Amino acid sequence: RLLIIDFGSQVTQLIARRLRELSVYCEIHPYQNATDAFVKEFAPKAIIFSGGPDSVMREGSPRPPKAAYEMGVPILGICYGQQVMMHDLGGRVEAGEHATAEFGRAYVTPKDDRDAFLNGWFMDGTGKEQVWMSHGDHVAEIAPGFEVYGTSPGAPFAITADVSRNFYAVQFHPEVHHTPNGATLYENFVKLAGFTGDWNMGAYREEMIEKIRAQVGDKQVICGLSGGVDSSVTAILLHEAIGDQLTCVFVDHGLLRLNEAEEVVKMFRESYNLKLIAADEKDLFLNALEGVSDPEVKRKTIGKLFIDVFQKYADQIEGAQFLAQGTLYPDVIESVSFSGGPSVTIKSHHNVGGLPEKMGLKLVEPLRELFKDEVRALGHELGLPASFIGRHPFPGPGLAIRCPGEITREKLAILQKADAVYIDQIRKHGLYDDIWQAFAAILPMKTVGVMGDGRTYDFAVALRAVTSVDGMTADTYPFSHDFLSETMTRIINEVKGVNRVFYDVTSKPPGTIEME
Ligand code: XMP
């Protein structure tokens, strides 16, 4: 296993992710915990020093344990990790002046005739490799035994190595997307350390199960299950780890898709044998939403009621000391970068904000290190059906924000049916996996139509389908005219109360993905 000593960089988890992609098992430990004794006991096959915000020049700034250098294993230092390594091994670091600080894209060129080494190790042979820099301080003198292999305009020591000791140190961040060839550097580093790439999600699952058992002991755990991928994977993992010490609470707020509540409850009770409280609170939510048309008031009403309801059911679970949440790594980054500001960890309503403190619950967050695609891989490993893992995102406030204006039970029922027909069409045409998110919305108006021999005055439905990478920007999905026209016919014929169908062609920006 590989040990990452974390000096507090925002992108340390990306190092772990790159290593997982190479099927290498690693653990991240904050520098405060990485004592000499710890490192010896850990017995890593290789060590990485992460970047970090501090300055090596500052009295009392973080240091790796001395033992790290004495283990006889390869070490890779990144950014702050490079500087601390040079400092510890007899080089010199200078505080950043504006002229030498580098932030953003830079190009590394091989030093002198070193490109033979670099071409195999990191560079692609073009002689100029794009990297991502983010440093104030810089190395002014490298440590004895080290050589310079690559330089950039702001970092004369961009790539340094003491090949005889297998110590490598780079000023840039090979783990980020903007260092396109960074994965090659990690690949060569782990190969050199003797990793064979035999670790996988199955192993991760076993490790997480052990960790959960160690954290929870014989205590009771509550988990809010929404039926989304994150909370589902969390629940199943917890269930594997602690069985009936886990109780899940599924809240039906009446704003779910057609048959969704029944399907989720059935799957988790029957296929997974999970202890599940299915809270039918449709009336509570829909009554509270009566007459409400402002989108923000809708969201707040749903969010607040959700917490109240969750607490009511959680209170019934005797002796619960833990709350399990499907927090992912991107949610963690978000909360760190906004630290000091209001809490932004509440990404959706099922992450029950404020509740852990209110109820004195400790958090169990087994997905905290993972990215969405890794959670899907883990879900697959846990046997969740592929159709379930690949489901489009569904917002916490559910259909409430797909029913602009006032919500009525009648409109909700029409919307659920129209949405089900639309999604069925998309699946039948094999388009579901090409689309980031697709749904129907019901518009707050009626229009005149003609059906059979009579005039109708019915609701209009808008269909939406977008492609996106992360939901931040989105393009309209280019359905064929035939597809749209067939879908229109099916919706009008199969859903009573609809006489007109629109296709929303707005991208994001200027639109949002949801209607409200
Ligand atoms: P927008 O509409 O903001 O949507 O372009 C971007 C992504 O976020 C989802 N979304 C929400 N998710 N609570 C949620 O849990 C919300 O209030 C909410 N609003 C939007 C939306 O479905 C899309 O995936």
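Ile-47 stands opposite Ile-75 in strand S4, a convenient place to enter this structure. The model is a predicted one, in which local features need pLDDT of at least 70 and side-chain atom pairs count only at pLDDT 80 or more, while totals for chains, interfaces and linings use all residues. Residues are numbered from 1 along each chain as its sequence is written.

The pairing just mentioned belongs to strand S3 (residues 46-49) and S4, which run in the parallel sense over 3 bridges. Here, helices (H or I, at least four residues) and strands (E, at least two) are DSSP runs numbered from the N terminus, and two strands pair if DSSP finds at least two bridges between them. On S4, parallel pairing with strand S11 (residues 167-170) extends over 4 bridges, and Tyr-168 in S11 is the bridge partner of Leu-76. Strand S4 (residues 75-78) is covered on both faces: Ile-75 and Gly-77 on one side, and Leu-76 and Ile-78 on the other, are all buried. A residue is called buried if 20 or more other C-beta atoms lie within 10 Å of its own, exposed if 12 or fewer do, and partly exposed in between, with C-beta atoms placed from the backbone. In a regular strand the side chains alternate between the two faces of the sheet.

Stepping back, these strands are part of an open sheet of 9 strands with mixed pairing, in the order S2-S1-S3-S4-S11-S10-S9-S6-S7. Its edges are strand S2 (26-30) and strand S7 (129-135), each of which pairs on one side only. On average, neighbouring strands of this sheet are turned by 25° against each other, direction ignored. Strand S1 (residues 2-6) pairs with S3 in the parallel sense over 4 bridges, and Ile-5 stands opposite Phe-49 in S3. Two helices can be placed against this part of the sheet. Helix H4 (residues 80-88) packs on the sheet and touches S3, S4 and S11, its direction making about 115° with that of S4. Helix H1 (residues 12-21) lies across S1, S2 and S3 and runs at about 170° to S1. For these values, axes are lines fitted to C-alpha atoms, for helices over the stretch in contact, and angles run from 0 to 180 degrees between N-to-C directions. Residues are in contact if their C-beta atoms, placed from the backbone, lie within 7 Å.

Two loops next to these elements hold residues with a positive phi. Cys-79, in the loop between S4 and H4, has a phi of about 55° although it is not a glycine. Cys-79 is buried, with 28 other C-beta atoms within 10 Å. Ser-23, in the loop between H1 and S2, has a phi near 60°, again a positive value in a residue other than glycine. With 15 C-beta neighbours inside 10 Å, Ser-23 counts as partly exposed.

Farther along the chain, helix H7 (residues 201-216) meets helix H8 (residues 229-242) at an angle of about 70°, with their axes 9 Å apart. H7 and H8 are therefore roughly perpendicular to each other; angles of 65 to 115 degrees count as such, those under 35 as roughly parallel, those over 145 as roughly antiparallel and the rest as oblique. The contact is made by Met-208, Ile-209, Ile-212, Arg-213 and Val-216 of H7, together with Leu-237, Leu-238, Glu-240, Ala-241 and Ile-242 of H8. By class, these residues comprise 8 nonpolar, no polar and 2 charged. Ala, Val, Leu, Ile, Met, Phe, Trp, Tyr, Cys and Pro count as nonpolar, Asp, Glu, Lys and Arg as charged, and the others, Gly among them, as polar.

H7 also packs with helix H14 (residues 372-381), their axes coming within 9 Å and crossing at roughly 85°. H7 is thus roughly perpendicular to H14. In this contact, Met-201, Gly-202, Tyr-204 and Arg-205 of H7 meet Ala-377, Leu-378 and Glu-381 of H14, giving 4 nonpolar, 1 polar and 2 charged residues.

Strand S13 (residues 246-252) has 7 of its 7 residues buried, so S13 is largely enclosed by the rest of the structure. Strand S12 (residues 220-224) pairs with S13 in the parallel sense over 4 bridges, and Val-249 in S13 is the bridge partner of Gly-224.

Overall, the protein chain has 17 helices and 20 strands, and 40% of its 516 residues count as buried.
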